[in-house]
Each structure stands twice: as C-alpha cells, then as structure tokens.
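This briefing goes through the packing, strand pairing and charged contacts of one protein chain. Please keep the sequence and the structure open while reading.

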Amino acid sequence: MEKTLSIVKPDGVRKGLVGEVIKRFEANGLKIAALRMILLGKEEAKAFYIVHKERPFYESLTDFMSSGPIVTMVVEGENAISKVRDIMGATNPKDAATGTIRADLASDIEHNIVHGSDSKESASYEIAFFFPAIEIY
C-alpha cells in the first residue's frame, strides 16, 4: 500500500469542501491514514514549498497557504500517489478533466482547492513534514 500527502488548501476549507475531497478519495478506494487541521505560518509555508523557492509564484503561494486553516491528510491505497493526482485533476482548473476536484470546485490555478504529492520522494518528505509516524494509522 502506497501513502501520499494531500492538503485541502485555505480556499477549500473556506468553501466547506473538506468532506467533499475526502469523499472523492474514499469513493475511489483510498483510505485516510492521518488527518489534521492546522494554520501554517508564513515561514512554515515557505519551508514546505522550498522546492518552488526560485519560481515566480513562490511568494504568492506561501502567502495563500498561510492565509487560513488547511487540512493535511495521509492518503493510503494502491497507487495512491497517481490516483490522488488523477482525482485532483490538472493544477490549472481550466485544464483539468471534467469530474476532477479542480475542474468541479476550483476557481483558478493558485486557488485550486487541493495539493497532492507528485512522487514517492515528495510524499515521504511531505508526510514527515506534517505527521510523526506515531500519528499515521
């Protein structure tokens, strides 16, 4: 069983979409192995998104991710990383397939409701960033 990290971003939490995101994951055979609502500080957001430090959107992304509560979760299942990414849809909601979280619920490329790890390496780093092993079922 593979594990990955997903985040319901501040826009998703504000819109009351946490349950909808979890429902879509579970409807596709995935299980939630850990769950937490937190408020990231700007420095914590910068640390989490350090891989994007040189990108032009880094400051606005970290401002957004520290603008309100987020829900972090460890999602588990067969091919969880690719499955979560398929369920989320393309980063830009305009490019996301119909029926995906981002196509159905997101407003724009930055306010796109969810985050999901893009590789096994990212998943390992991202899960450990938010969850000690003892908190993962």
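Which side chain meets that of D63 in a salt bridge? The partner is K42, at 2.5 Å from N to O. The model is a predicted one, and the points below are grouped by topic.

**Salt bridges**

- The total for the structure is nine salt bridges.
- D63 belongs to helix α4 (residues 58-65) and K42 to helix α3 (residues 42-48), so their salt bridge ties together parts that lie 21 residues apart in sequence.
- D63 counts as partly exposed, at 44% relative accessibility, and K42 also counts as partly exposed, at 22%.
- Helices α3 and α4 are linked by another pair, K46 in α3 and E59 in α4, which are 13 residues apart.
- The side chains of K46 and E59 meet at 3.5 Å, N to O.
- K46 is partly exposed, with a relative accessible area of 21%, and E59 counts as partly exposed at 40%.
- Within helix α2, E20 and K23 are three residues apart, about one turn of the helix, and their side chains form a salt bridge of 4.0 Å, N to O.
- K23 is exposed, with a relative accessible area of 53%, whereas E20 is partly exposed at 24%.
- E20 and K23 also belong to a network with R24 and D104, joined by salt bridges that share partners.

**Helix α5 and its surroundings**

- Helix α5 spans residues 80-88, and its buried residues are A80, I81, V84, I87 and M88.
- These five residues lie on the same side of α5, because they cover an arc of only 135° around the axis.
- The elements covering the buried residues of α5 include three strands, β1 (2-8), β3 (70-77) and β4 (114-116).
- Helices are also part of that cover, including α2 (18-27), α6 (101-105) and α7 (120-130).
- After α5 comes G89, which has a positive phi, near 90°.

**Nonpolar cores**

- Nonpolar side chains tend to be buried together in soluble globular proteins.
- The largest nonpolar core here holds 18 residues.
- V21, F25, L30, M73, I101 and I113 have the most contacts inside this core.
- At least two residues of this core come from each of α2, β3 and α5, and α5 gives the most, with four residues.
- Leaving aside residues up to four places away in sequence, I101 touches V21, R24, F25, I87, M88, A106, I113 and V114.
- Two of the residues that I101 touches, I87 and M88, are among the buried residues of α5.
- A second core, separate from this one, has 17 residues, among them L5, Y58, I127 and F131.

**Strand β1 and its partners**

- Six of the seven residues of β1 are buried, so the strand is mostly covered.
- β1 and β3 run antiparallel and are joined by seven bridges; in this pairing V8 stands opposite V71 of β3.
- β1 also pairs with β4 in the antiparallel sense, over three bridges, and here I7 stands opposite H115 of β4.
- In a regular strand, side chains alternate between the two faces of the sheet.

**Aromatic pairs**

- There are five aromatic pairs in the whole structure.
- F48 and Y49 make an edge-to-face pair, with 4.8 Å centre to centre and 85° between the planes.
- Both rings of that pair belong to buried residues: F48 has a relative accessible area of 3%, and Y49 has one of 5%.
- Y125 and F129 make a tilted pair, with 6.1 Å centre to centre and 50° between the planes.
- Y125 and F129 both sit in helix α7, four residues apart, about one turn of the helix.
- Y125 counts as partly exposed at 38% relative accessibility, and F129 likewise at 29%.
- F48, Y49, Y125, F129 and F130 are linked into a cluster by ring pairs.

Terms used. Residues are numbered from 1 along each chain as its sequence is written. This is a predicted model: local features need pLDDT of at least 70, side-chain atom pairs count only at pLDDT 80 or more; totals for chains, interfaces and linings use all residues. Side-chain values use heavy atoms; hydrogens and water are left out. Buried means under 20% relative accessible area, exposed over 50%, partly exposed in between (1.4 Å probe, protein chains only). The arc is that of the directions from the helix axis to the C-beta atoms. Contact means heavy atoms within 4.5 Å. A nonpolar core is a set of buried Ala, Val, Leu, Ile, Met, Phe, Trp, Tyr and Cys residues joined through side-chain atoms within 4.5 Å. Rings of Phe, Tyr and Trp (its six-membered ring) pair if their centres lie within 6.5 Å; planes under 30 degrees apart count as stacked, over 60 as edge-to-face and the rest as tilted. Two strands pair if DSSP finds at least two bridges between them.
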